[in-house]
Amino acid sequence: FSKGTYYDRYFPATEEVWTRSYVWTTNFTYEASAGSKYYYLHNPSMGYPNFFLINWFGSRQMGFASQGEAGICPNGDGPYDSCVYNPNVATVNLNDNQWYCIEAHVKMNTAGQPDGLAEIFVDGTQTLGYYNRTFRGPNATNGPAGNNFGSNTMTALRHYTQAGAGNRYTDDLAVSIGGQRIGCN
């Protein structure tokens, strides 16, 4: 679909999601000023936090982002800010003209407790792993920056094209709720 368009895939409310998709690019340049987003996990009827799968600042490596996170970001920003998560386990560049299996895993934290996580695997190799995260704060509703734990669970994956030039294809997108990894086979 065209840049700026999107579709939502809804699923039952959950605090833990695995996604899997295959990605191919041709003559693709990732957005250098911000990043090229693939999709995000969110609850359209609630506030933050939201979670993005993204190539940051022109990088060919898959990264992760959160918006409205209650904890301190890896770079020290926050609380109640948007956080940049760069690969911190292994390096896999997403080169043109090759299929990649991208798996992402997000688990919300217990309200106000540092037990959330974000992980990314590329072709089965873990490239990103952040643990003991405080995505949700202690406020049930109307927390700072729209963050709340009352009913803020993930209910949708918004798949869209935002930023970047060239052709990018996604195939065989799958979503698993409740902690079951999908795998690339």
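Two strands pair if DSSP finds at least two bridges between them. The exercises below use this term on a predicted model.

**Exercise 1. State which elements make up the protein chain and how its radius of gyration relates to the globule rule.**

Solution.
- Step 1: The protein chain has 11 strands and zero helices. From the N terminus on, the order is therefore β-β-β-β-β-β-β-β-β-β-β.
- Step 2: The radius of gyration is 16 Å, close to the 16 Å that the globule rule gives for 185 residues, so the chain is as compact as a globular protein of that length.
- Step 3: Taken along the principal axes, the C-alpha atoms fill a box of roughly 45 × 35 × 30 Å.
- Step 4: Of the 185 residues, 49% are buried. The accessible surface is about 8,100 Å², and carbon and sulfur atoms account for 47% of that surface.
- Step 5: Among contacts with a separation of 6 or more, 65% are between residues 24 or more positions apart.

**Exercise 2. Find which strands stand at the edges of the open sheet of five strands.**

Solution.
- Step 1: The strand order in this sheet is S9-S8-S7-S2-S11, and the pairing is antiparallel.
- Step 2: S9 and strand S11 (165-177) each have a single partner strand, so these two stand at the edges, and one side of each is left without a neighbour in the sheet.
- Step 3: From one strand to the next, the twist averages 15°.
- Step 4: Strand S2 (residues 16-29) and S11 run antiparallel and are joined by 10 bridges. Opposite Trp-24 stands Tyr-169 in S11.
- Step 5: In general, strands of a sheet pair through backbone hydrogen bonds, either parallel or antiparallel.

**Exercise 3. Describe the two disulfides of the structure, including where their cysteines lie.**

Solution.
- Step 1: A disulfide is a covalent bond between the sulfur atoms of two cysteines.
- Step 2: One disulfide joins Cys-73 to Cys-83, with an S to S distance of 2.0 Å. Its angle about the S-S bond is -70°, and the link is left-handed.
- Step 3: Cys-73 lies in the loop between strand S5 (63-69) and strand S6 (81-85), while Cys-83, 10 residues apart from Cys-73, lies in strand S6. Cys-73 is buried at 3% relative accessibility, and Cys-83 is buried at 1%.
- Step 4: Cys-101 and Cys-184 form a disulfide, with sulfur atoms 2.0 Å apart. This link is left-handed too, with -85° about the S-S bond.
- Step 5: Cys-101 is in strand S7 (residues 100-107) and Cys-184 in the segment after S11, so the bond ties together parts 83 residues apart in sequence.
- Step 6: Cys-101, at 2% relative accessibility, is buried. Cys-184, at 23%, counts as partly exposed.
- Step 7: With the bonded cysteines numbered in sequence order, the pairing is 1-2, 3-4.

**Exercise 4. Decide whether His-42 is buried or exposed, and do the same for Asn-142.**

Solution.
- Step 1: Buried means under 20% relative accessible area, and exposed means over 50%.
- Step 2: His-42 has a relative accessible area of 4%, so His-42 is buried. Its place is in strand S3 (residues 35-42).
- Step 3: Leaving out residues up to four places away in sequence, His-42 touches Asp-8, Asn-50, Met-154, Thr-155, Ala-156 and Arg-158.
- Step 4: Asn-142 has 73% relative accessibility and therefore counts as exposed. Asn-142 is in the loop between strand S9 (125-133) and strand S10 (154-162).
- Step 5: Not counting neighbours within four places in sequence, Asn-142 is in contact with Asn-147 and Asn-148.

Key: Residues are numbered from 1 along each chain as its sequence is written. This is a predicted model: local features need pLDDT of at least 70, side-chain atom pairs count only at pLDDT 80 or more; totals for chains, interfaces and linings use all residues. Side-chain values use heavy atoms; hydrogens and water are left out. Helices (H or I, at least four residues) and strands (E, at least two) are DSSP runs, numbered from the N terminus. Buried means under 20% relative accessible area, exposed over 50%, partly exposed in between (1.4 Å probe, protein chains only). Contact means heavy atoms within 4.5 Å. Axes are lines fitted to C-alpha atoms, for helices over the stretch in contact, and angles run from 0 to 180 degrees between N-to-C directions. The radius of gyration is taken over C-alpha atoms; the globule rule is 2.2 Å times the number of residues to the power 0.38. Accessible areas come from the Shrake-Rupley method with a 1.4 Å probe; for residues, only the protein chains shown count as cover. A disulfide is a pair of cysteine sulfur atoms within 2.5 Å.
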